[in-house]
Amino acid sequence: MRIGQAGYGDSVSERMPDVGGWFRTAVDGGVTLPSTGAWGPGTGGFGRTSPEEDVVAAARRIAGSTVTFLTGAGMSTASGLPDYRGPDARPRSPMTFQEFVGSETSRRRYWARSVVGWQAFQAAEPNDNHLRLASLQRRLSVRAVVTQNVDQLHQEAGSDPVIDLHGALSRVVCLGCGLLIDRDDFQDDLLARNPEVARRLDDLAREAMTLPDGDAEVDRTDEFRVPACPRCTGILKPDVVFFGENADRRVVDEAFAALDAADALVVLGSSLTVMSGLRFVRRAARDGKEVVIVNDGATRGDDLANIRLHGRLEDILQTWVVELS
């Protein structure tokens, strides 16, 4: 099933719960943020639509520039993946890195939730936003797509190069020795160690679709078994950046290098609520680069934008594809 097109209800929040905290990512290299508390719908600006002539004019402006794209969760909501700040976002309190590494109970709870939601998450497919951006990448001079998302749907849609600023949920990493494990293989291991969960997996997944924040019954057990690293017995963690954790300095440097080599920064589907994305906008503005922000709803970078477009990403990107063909 192509997630986001059928079978998951009328709203994005009904299509797929945030089981396991898939989007609990926040900070950038060298900057540690405390927990932000509960997240929910952003404030202001939803439902506005920029005039067609403004959308076309923006396409013509960036056509003559070397561009770096910065994308956020709004790119993937049409694939059934929830965001934190959209109009349909449900309040939730992100798990911090400190909570994950400091509490075996928290780790059990995280992986119990994750094992329930993984099948739906890994089945998500690129939506029209991803496909149209990949098409634009072939028509424009693009340094890179820098994404705050951890779903790797840009790569599946054909974008290249893509810089995963916050890692990827398709991998599990050992915090002790750095061993990387494929998430599908880790899923098989988790299910083998927890046969009762494996037996009831489909029922638990359906339950998670209807309860707040995917709070499936599996969360309420102390018996969920999580393996240690097979090489060093260290703690295994999804290879994504949690709140309170630093992003890989090399990845951050690569993203800034892509920005520095571009004439324009185009932001797609991000509220820029956390510094991780906002700092790219601030740097672009500081260096006199063109800043284009496309988002439904207000962003923290609006006052820095040379061009601010409101409306559905699908509509704006389609107009750009047609204009730049």
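Strand β4 (167–174) gives the largest share of the lining of the second largest pocket, 4 residues. Here a pocket is an open set of points on a 1 Å grid over the protein atoms alone, where a 1.4 Å probe fits, with protein on both sides within 12 Å along at least five of seven lines; lining residues have an atom within 4 Å of a point. Strands (E, at least two residues) and helices (H or I, at least four) are DSSP runs, numbered from the N terminus.

This is a predicted model, in which local features need pLDDT of at least 70 and side-chain atom pairs count only at 80 or more, while totals for chains, interfaces and linings use all residues. Residues are numbered from 1 along each chain, and side-chain values use heavy atoms, without hydrogens and water.

The pocket at a glance:

| Feature of the second largest pocket | Value |
|---|---|
| Volume | about 360 Å³ |
| Lining | 20 residues |
| Nonpolar lining | 9 residues |
| Polar lining | 3 residues |
| Charged lining | 8 residues |

Among the residues nearest its centre are R171, D239 and D248.

Strand β4 also gives two or more residues to the largest nonpolar core, a set of buried (under 20% relative accessible area, 1.4 Å probe) Ala, Val, Leu, Ile, Met, Phe, Trp, Tyr and Cys residues joined through side-chain atoms within 4.5 Å. This core has 29 residues, and α4 (104–122) gives the most, 7 residues.

How far can you trust the picture? The chain averages a pLDDT (the predictor's confidence in each residue, from 0 to 100) of 83. Over residues 1–43 the pLDDT is below 50.

Notes: Contact = heavy atoms within 4.5 Å. Buried < 20%, exposed > 50% of the residue type's maximum accessible area, 1.4 Å probe, protein only. Points joined across faces, edges and corners; volume = space filled by probe spheres on them. Nonpolar A, V, L, I, M, F, W, Y, C, P; charged D, E, K, R; others polar.
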